[in-house]
Amino acid sequence: MDHVPISIRTELLAGVTSFLATAYIVVVNPSVLSLAGMPFSGVLTATVLVCFFCSLMMGLYAKSPYVVAPGMGLNAFFTFTVVQGMKVPVPTALGAVFWSGVFFLIISLFNVRVLLIKTIPKSLRYGIAAGIGLFITLIGFSNAKFVVANPATMISIGPLTPAVCTFLVGLLLTAVLMQKKVHGALLWGIVLTTLLALLPGRLDDGPRLVNWQGVVAAPDFSLLFQLDLKGSLSWSLAPVIFAFVFTDLFDSLSTFVGLAEATGRLDADGEPLMLKESLLTDAVSTTLAGLVGTSPGTAYVESAVGIEAGGRTGLTAITAAFCFLPCLFLSPLLSMVPSVATAPSLVLVGVLMMKTVTRIPWDEWEEAVPAFLAMVLIPFSYSITQGIIWGFLSYAVLKAASGKFRELPLAFWCIIALCVAALIVE
């Protein structure tokens, strides 16, 4: 991959390829955030704005081929934990997104990331990433009604309705596309599943899953600047802001490191080139997300698809950015996509995020148990925050019990204090 010749034509094609690999977020993000009571068309507009401006900044400022968009997992945390679980009003939640972006921006400007990287145990990072993957998968199954509530067993498999069967066929079709390494497999999976969803209600007497709403409409800017900056600074939202920052920071760091390894974009010390600029762009994407009305933005690991196609410079990200713009005017068409069509992509993104479990040192008890607790408590508690809290607390206890507490830096104990404070507040 490192020997692919750089040319304008190659960069342009790589940018289109990266767009196809990440374009599913234009539909999936509004479908997730609309469950928080936000208008689909408004979230779609906000999503496109983040994708466009921040991918453009990534190309022009960071000179990197990475696409930026609202992050999977972060949108689920925003909807199901913050808005639905904690009953935080949407404007206040958007304010929390904004302040997390500001905090991320500060630690990126002053290179605090180096301290944080050394402070957060790798095993916990891997466990949290896998837990978010399981969380996203559970949401996908729930949205498709494949997994439903059951008073006897808490949850169980739902009945095989036409909608659930559509989801299952779409899941297998999308998995096959990914196995065949088709560019934009998740996006094509959404398209094919939506076409399949046209059949229920038209070939039988059941409810229709897809209803025609038109193709083109003016962008919906109703969510712009609707955040509550003052209300989101309350102490009760500190754990939320911390969870946003933590998840966003380490998701972006792992993405930048992994993609830099793939492209050979490393300096003499083995650190990704333009890392500070890339992290600043990532931080700006989260700040902008709060302003325009969506969950935090982050660099997408799916950018690897465009890199495999030869993308090496910022022109790849710039090209992808402009590919997102037409979606601003396609809200009626995209809003017809049913939840059974976006659910397969949620499940398969969860599969991709589970790769990190292979890096957890399962033979080392004080590393494995906290990583495991973080991994399973995120989906079981329906909260990324709870997974992070109990992962850190158990890590501290086990390290102390093994006589290794002196190995933990002061910054780690500051995080433990935040975790305890979060439990007291809740």
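**Helix pairs and a pocket**

Tutor: Start with α7 and α17, whose crossing is right-handed. Keep in mind that this is a predicted model.

Student: Why are α7 and α17 called roughly antiparallel?

Tutor: Look at the angle. The axes of helix α7 (residues 122-143) and α17 cross at roughly 155°. Angles over 145 degrees count as roughly antiparallel. Therefore α7 and α17 are roughly antiparallel to each other.

Student: Which residues make the contact of α7 and α17?

Tutor: From α7 come S123, L124, I128, I132 and F135. From α17 come I384, I388, G391, F392 and Y395. By class, this contact of α7 with α17 has 8 nonpolar, 2 polar and no charged residues.

Student: What makes G391 of α17 polar or nonpolar here?

Tutor: The class list decides. Gly is counted among the polar residues, so G391 is polar in this scheme.

Student: What about α4 and α5: what makes them oblique?

Tutor: Again, take the angle. The axes of helix α4 (residues 74-85) and α5 cross at roughly 120° and come within 10 Å. Roughly perpendicular covers 65 to 115 degrees, and roughly antiparallel needs over 145. An angle of roughly 120° fits neither range, so α4 and α5 are oblique to each other.

Student: Which residues touch there, and what are their classes?

Tutor: F78, V82 and V83 of α4 meet V90, A93, L94 and V97 of α5. The contact of α4 with α5 has 7 nonpolar, no polar and no charged residues. The crossing of α4 and α5 is right-handed.

Student: How do you know how α8 runs against α9?

Tutor: Helix α8 (residues 162-179) and helix α9 (residues 185-196) pack at an angle of about 150°. Their axes are 9 Å apart. The cut-off is over 145 degrees, so α8 is roughly antiparallel to α9. In the contact, α8 supplies T166, V169, G170, L173, T174, L177 and M178. A185, L186, W188, G189, L192, T193 and L196 come from α9. By class, there are 9 nonpolar, 5 polar and no charged residues.

Student: Now the second largest pocket. How do you know which classes line it?

Tutor: Sort the lining by class. There are 27 nonpolar, 4 polar and no charged residues. The pocket holds about 570 Å³ of space. Of the 31 residues that line it, the closest to its centre are F103, A238, I241, F242 and L418.

Student: What makes α5 and α17 part of this pocket's story?

Tutor: Each supplies at least two residues of the lining. So do α6 (113-119), α10 (238-263) and α18 (410-425).

Terms used. Residues numbered from 1 in each chain as written. Predicted model: local features only at pLDDT ≥ 70, side-chain atom pairs only at ≥ 80, totals over all residues. Heavy atoms only, no water. 1 Å grid on protein atoms, 1.4 Å probe; cavity = no way out; pocket = protein on both sides within 12 Å on 5 of 7 lines; lining within 4 Å. Points joined across faces, edges and corners; volume = space filled by probe spheres on them. Helix = DSSP H or I, 4+ residues; strand = E, 2+ residues; numbered from the N terminus. Axes fitted to C-alpha atoms, helices over the stretch in contact; angles between N-to-C directions. Parallel < 35°, antiparallel > 145°, perpendicular 65-115°, else oblique. Contact = heavy atoms within 4.5 Å. Left-handed = near helix turned anticlockwise from the far one by under 90°.
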